[in-house]
Amino acid sequence: MTFNPRKLPTVLTSQELIDKAFRRASRVAGRSRKEKALNKLSTVSNVLESYFTRIVSEHPSYDNLDPFYREMVDAVVGIGQLRKSLASLKWANSMTQKIISGGVRRIKGGQNPENVLKEVYGRIASIIEQIDDELRFLNEAKQKMREIPTLSDDFTAVFAGYPNVGKSSIVSIISTVKPEIASYPFTTKEIYVGYIELDAGRIQIIDTPGLLDRPIERRNRIERRAILALRHLADVIVFVIDPTETCGFQLEKQLSLLSEIKGQFEVPVVEIYSKSDLHNMRDRLAVSAYTGEGVGELVRILKNLAEGESGNVAGNN
Ligand SMILES: Nc1nc2c(ncn2[C@@H]2O[C@H](COP(=O)(O)OP(=O)(O)OP(=O)(O)O)[C@@H](O)[C@H]2O)c(=O)[nH]1
Ligand SMILES: [Mg+2]
């Protein structure tokens with residue numbers, strides 16, 4: 001199931017929603033006091049019903065999302081809380097409709113229309129106020145979920161490696177990804193997505209946060225995002241090794257992470273050295289983001305893998 005976090009609805013606060021419903025009703029007329037009150041209730045009923053239904057339906061079914069999105073949403077906002085908040089909107093919807101039907105019955109039964117209306121309005125406002133936290137949470141969740149990337153089904157190369165080894169630098173010269181680059185570890189904190197455009201189709205390129213060589217349960221939140229991308233998105237992993245150790249991490253540690261990655265994931269792993277302008281090791285493809293050495297070769301390897309994978313370049317289907 002595809003998921004576009006940018007399409008999630010903006011949610012009103014409880015006060016804004018109450019104002020919206022009652023303002024709409026205030027403009028309603030009728031031939032008699034009774035008819036006018038009934039028309040107002042019917043308007044409030046329609047505004048609330050369509051509002052709640054729209055918000056709930058514009059959220060995806062989080063349990064049926066692709067595993068990558070499900071885990072990302074869970075990490076970023078928490079699926080349990082999302083589900084609880086959406087359920088509270090359904091609850092408010094059914095409660096307010098019940099209150100309105102009760103009011104309609106009483107007015108039809110001959111009770112003073114203005115009195116009934118006033119009481120019904122009061123009870124509706126109190127129900128909606130009760131879900132204020134949930135409404136606010138849903139709005140904040142929408143904002144937070146903006147950082148979840150929108151992905152395509154194109155053949156995907158995920159760049160991984162220790163922090164500060166030069167992943168983002170390489171990714172930014174071979175693709176449309178424009179991540180931040182800096183001389184300290186964990187500069188990249190999120191998953192960045194871009195593309196290499198080919199004559200036919202394109203390759204999706206993903207830059208990930210740096211990983212340390214340690215058991216998954218000890219990885220921090222930022223590292224876990226990289227693991228998520230590797231596990232769910234990669235058709236090929238490009239493992240970046242900085243043999244100069246100017247990244248601040250020993251080569252030995254980096255190679256140990258490499259063998260862990262190779263053991264854990266089944267997709268092909270392309271091993272490259274970064275910062276080739278600073279060293280002479282050439283037993284792996286050596287790439288420099290500064291001089292451009294090895295860059296063309298790296299793109300050629302990715303292109304060949306993409307063509308091999310789909311029988312044609314990905315994106316051409
Ligand atoms: N000499 C040299 N330095 C490089 C090269 N590529 C990157 N650097 C430097 O290495 C440092 C880290 O680069 P990044 O691209 O941010 O590394 P990263 O692996 O994305 O780092 P994190 O996002 O923190 O995991 C920066 O200071 C870069 O300028 C290169 O080819 N040659
Ligand atoms: Mg980076």
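**Where the two domains meet**

User: How many residues of domain 1 are in contact with domain 2, and with how many there?
Analyst: This is a predicted model, where local features need pLDDT of at least 70 and side-chain atom pairs pLDDT 80 or more, while totals for chains, interfaces and linings use all residues. Residues count from 1 along each chain as written, chains are lettered from A and ligands numbered from 1 in written order, and side-chain values use heavy atoms, leaving out hydrogens and water. With contact taken as heavy atoms within 4.5 Å, the tally for domain 1 against domain 2 is 6 residues with 8 residues.

User: How far apart are the centres of domain 1 and domain 2?
Analyst: Domain 1 covers 5-147 and domain 2 covers 156-310, with bounds from an automatic or database domain assignment. Taken over C-alpha atoms, their centres are separated by 46 Å.

User: Which three residues supply 69% of the area that domain 1 buries against domain 2?
Analyst: The two domains bury about 690 Å² between them, 63% of it on carbon and sulfur atoms. (Buried area is the accessible area, with a 1.4 Å probe, that two parts lose on being put together, summed over both.) On the domain 1 side, three residues supply more than any other three: Phe68, Glu71 and Glu147.

User: Glu71 turns up again in a salt bridge, so to speak; which residue is its partner?
Analyst: Between domain 1 and domain 2 the count is 2 salt bridges, each a side-chain nitrogen of Lys or Arg within 4 Å of a carboxyl oxygen of Asp or Glu. At 3.5 Å, N to O, the side chain of Glu71 meets that of Arg231.
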